[in-house]
Amino acid sequence: MRNSRRDPQGILVVDKEVGITSHDVVQRVRRIFRMRQVGHSGTLDPIASGVLVVLVGSATRVAQYLQENDKEYHLTLLLGIETDTQDVTGRTVSRIDPSHVTRAALETAVNRYRGGFLQTPPSYSAIKHNGQPLYKLARRGVAVTVDPRKVTVYQVKISGWEPPRASLEVVCSKGTYMRTLCHDIGKDLGVGGCMESLVRVRSGNFTLEDAVKLDSLPGDAAAPRSLLQSPASGLPFARYELEDDMLAQILMGRTVLWAGREKDGMISVVSGRRLMALGEITGKNEKTVLIPKRILEPIERTSQIKR
């Protein structure tokens with residue numbers, strides 16, 4: 001069995017370039033670290049660049065929690081063109097002269113998308129229908145009805161206006177499609193629209209300033225390991241280091257009595273920079289207990305933890 005202290009665990013924040021897929025990035029990181037257990041916490045389309053949060057080792061086990069983080073994007077809306085993919089990579093389905101659209105009209109349309117609203121995901125997306133990604137079905141000409149989903153745009157502003165293009169800055173909840181936002185704004189203006197470019201500048205706590213270019217990574221795991229951030233750094237939970245006996249109980253999936261300052265909610269159980277488990281503090285039979293919710297490190301490895 002490999003020593004868990006030697007197995008990389010952490011988050012590598014990558015500045016993905018335009019033209020490659022998120023899976024391409026994952027494959028490259030797998031080769032560098034010579035391990036299969038690598039994933040990410042939110043897809044970026046090939047047309048997009050910016051922050052891709054790559055999870056290495058047992059950090060992949062908290063992907064669903066990192067996916068909940070809000071996102072920030074800078075994007076370009078191109079008015080007058082509507083495509084089947086809702087971005088400029090797709091097939092043009094309509095063209096309408098947008099020269100009459102004013103900034104005031106654009107502001108009115110954009111303002112409709114502040115706060116919570118229902119958004120219908122695009123046909124060309126990774127959402128699955130009966131086990132098949134929608135984009136694969138769309139490529140085969142299979143029409144699928146997609147139910148709208150509740151999304152939230154916390155902030156949106158027009159940072160540039162050079163007709164027929166508008167630069168937008170958006171802070172939003174997970175699952176909000178910028179392509180669809182561009183499409184819907186263009187539709188509201190009566191001229192159509194699509195996304196011309198997209199940069200994710202932040203995902204949760206991670207920004208472009210934290211990110212590394214994929215091409216800057218060496219071909220072996222030694223140097224990139226120092227670039228890994230603790231998985232706990234991306235989670236909105238208090239961090240606790242537990243005594244060995246309590247830690248062992250948690251890593252065996254057992255509920256333990258809790259006497260820490262937190263009285264409810266989720267916590268990160270850490271050992272140094274390693275995230276060992278996620279637990280939930282709650283009341284049970286008039287006692288406060290810690291219930292393990294996600295175990296990252298198997299119990300047989302706890303003897304290797306250095307205090």
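Strand β1 and strand β14 (residues 212-213) pair in the parallel sense over two bridges, where strands are DSSP runs of E with at least two residues, helices are runs of H or I with at least four, both numbered from the N terminus, and two strands count as paired if DSSP finds at least two bridges between them. Within this pairing, D15 has K213 of β14 as its bridge partner. The model is predicted, so local features need pLDDT of at least 70 and side-chain atom pairs count only at pLDDT 80 or more, while totals for chains, interfaces and linings use all residues. Residues are numbered from 1 along each chain as its sequence is written, and side-chain values use heavy atoms, with hydrogens and water left out.

β1 also pairs with strand β3 (residues 48-56), to which it is joined by seven bridges in the antiparallel sense. In this pairing V14 stands opposite L52 of β3. Strands of a sheet pair through backbone hydrogen bonds, either parallel or antiparallel. Seven of the seven residues of β1 (residues 10-16) are buried, so the strand is largely enclosed by the rest of the structure; buried means under 20% relative accessible area, exposed means over 50%, and partly exposed lies in between, with a 1.4 Å probe and protein chains only. The cover extends to both faces of β1, with G10, L12, V14 and K16 buried on one side and I11, V13 and D15 on the other.

A further group of five strands forms an open sheet of mixed pairing, in the order β15-β17-β18-β19-β16. Its edge strands, β15 (238-240) and β16 (256-257), each pair on one side only. Within the sheet, β18 (residues 274-284) and β19 (residues 287-295) are antiparallel and share eight bridges. One bridge partner pair is G279 and P292, the latter in β19.

Helix α5 (residues 178-188) is mostly covered, as nine of its 11 residues are buried. These are M178, R179, T180, L181, C182, H183, D184, I185 and G186. The buried residues of α5 pack against β4 (71-79), β5 (81-83), α3 (103-111), β7 (115-119), β11 (165-172) and β12 (193-203). After the helix comes G190, which has a positive phi near 80°.

Two residues of α5, M178 and I185, are among those with the most contacts inside the largest nonpolar core, together with V29, L106 and V170. This core has 47 residues, a nonpolar core being a set of buried Ala, Val, Leu, Ile, Met, Phe, Trp, Tyr and Cys residues joined through side-chain atoms within 4.5 Å. With neighbours within four places in sequence left aside, I185 is in contact (heavy atoms within 4.5 Å) with L77, L106, A109, V110, Y113 and L168. A second, separate core has 19 residues, including I11, V51, L55 and L235. In soluble globular proteins, nonpolar side chains tend to be buried together.

The count of salt bridges comes to 13, each defined as a side-chain nitrogen of Lys or Arg within 4 Å of a carboxyl oxygen of Asp or Glu. One of them joins the side chains of R28 and D215, at 3.9 Å from N to O. R28 lies in helix α1 (residues 22-33) and D215 in the loop between β14 and α6 (222-225), so the pair ties together parts that are 187 residues apart in sequence. R28 is partly exposed at 21% relative accessibility, whereas D215 is exposed at 62%.

Another salt bridge is formed by R202 and D70, whose closest N and O atoms are 3.0 Å apart. R202 belongs to strand β12 and D70 to the loop between α2 (63-66) and β4, 132 residues apart. R202 is buried at 17% relative accessibility, and D70 is partly exposed at 25%. A third example is the pair K157 and E169, with an N to O distance of 3.6 Å. K157 is in strand β10 (residues 149-162) and E169 in strand β11, so the pair ties together parts that are 12 residues apart in sequence.

The count of disulfides, defined as pairs of cysteine sulfur atoms within 2.5 Å, comes to zero. For C182, the nearest cysteine sulfur is that of C194, 7.6 Å away; this is too far for a bond. C182 is buried at 0% relative accessibility, and C194 is buried at 1%.
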